[in-house]
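Let's take a walk through a protein together. Have a look at the picture first, and then we'll go from the whole chain down to single residues.

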Amino acid sequence: MLQPDSVLNLPDDVRMLDVLRSGLNHATDVRIAVSFTRCSGLALLIDPLREVTDRGGRIRLLTSTFQSVTQPEALETLLRFPGIETRVQTGSVGFHTKFWWLRGNTGNECWTGSSNLTKGGLAANIEWNVRHGDARILEMTRLQFDRLWCRND
């Protein structure tokens, strides 16, 4: 599949789910920051995520309790999932990020836009996400993710 630089999740077109599955096929370092994590979205990516960890890759997922949309059951699944580190932002400041960062042997990319880790965000809703592959942007966003990861709410 030719990797687009922008995805809208329109019917009969490439969806965010498609580009993430494709990127996860080769990823060894994955960083995800989404405000909402639901079982419906996790189910769509659980096998590709498992494949990343099976080949020795690292996955870090940062999510939140913002607006109480994240499902506790999804978090419990992630906690039982070997090889995925998960942190939850619970502070008083809204956490409304949608960021997907993938590094692999065949290329590096990050996506930012409007897709959360939900079925709607990845496959059903109209969502707009833009791909970045520039080395400078990738390094800057990696450092920014690390800042959020280490933040105390």
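Of the 153 residues in the protein chain, 44% count as buried, where buried means under 20% relative accessible area. Keep in mind that you're looking at a predicted model. As for the outside, the chain's accessible surface comes to about 7800 Å², and carbon and sulfur atoms account for 52% of that surface.

What about overall dimensions? The C-alpha trace spans about 40 × 30 × 30 Å along its principal axes.

Now for the parts list. The protein chain has five helices and seven strands. Start at the N terminus and read along, and the elements come in the order β-α-β-α-β-α-β-β-β-α-β-α. The radius of gyration of the chain is 14 Å, close to the 15 Å that the globule rule gives for 153 residues, so the chain is as compact as a globular protein of that length. Contacts also reach far along the sequence: take those between residues at least 6 apart, and 75% of them join residues at least 24 apart.

How are the seven strands arranged? They make an open sheet, and going across it you meet them in the order S1-S7-S6-S5-S2-S3-S4, with mixed pairing. At the edges sit strand S1 (6-7) and strand S4 (84-89), each of which pairs on one side only.

Let's zoom in on the S1 side of things. S1 and S7 run antiparallel and are joined by two bridges. One residue to find here is Val7, whose bridge partner in S7 is Asn129. Strand S7 (residues 129-132) also pairs with strand S6 (residues 107-113), again in the antiparallel sense, this time over four bridges. Here you can look for Cys110, which has His132 in S7 as its bridge partner.

Which strands does helix H2 touch? Helix H2 (residues 39-54) packs on the sheet and touches strand S2 (27-34), strand S3 (58-64), S4 and strand S5 (98-104). If you compare directions, H2 makes about 135 degrees with S3. Helix H3 (residues 72-80) packs on the sheet too, touching S3 and S4. The direction of H3 makes about 145 degrees with that of S4. So when you turn the model around, try S3 and S4 as landmarks: both H2 and H3 touch them.

Definitions and conventions. Residues numbered from 1 in each chain as written. Predicted model: local features only at pLDDT ≥ 70, side-chain atom pairs only at ≥ 80, totals over all residues. Heavy atoms only, no water. Pairing = 2+ DSSP bridges. Contact = heavy atoms within 4.5 Å. Axes fitted to C-alpha atoms, helices over the stretch in contact; angles between N-to-C directions. Rg over C-alpha atoms; globule rule 2.2 N^0.38 Å. Buried < 20%, exposed > 50% of the residue type's maximum accessible area, 1.4 Å probe, protein only. Areas by Shrake-Rupley, 256 points an atom, 1.4 Å probe, with all protein chains shown as cover.
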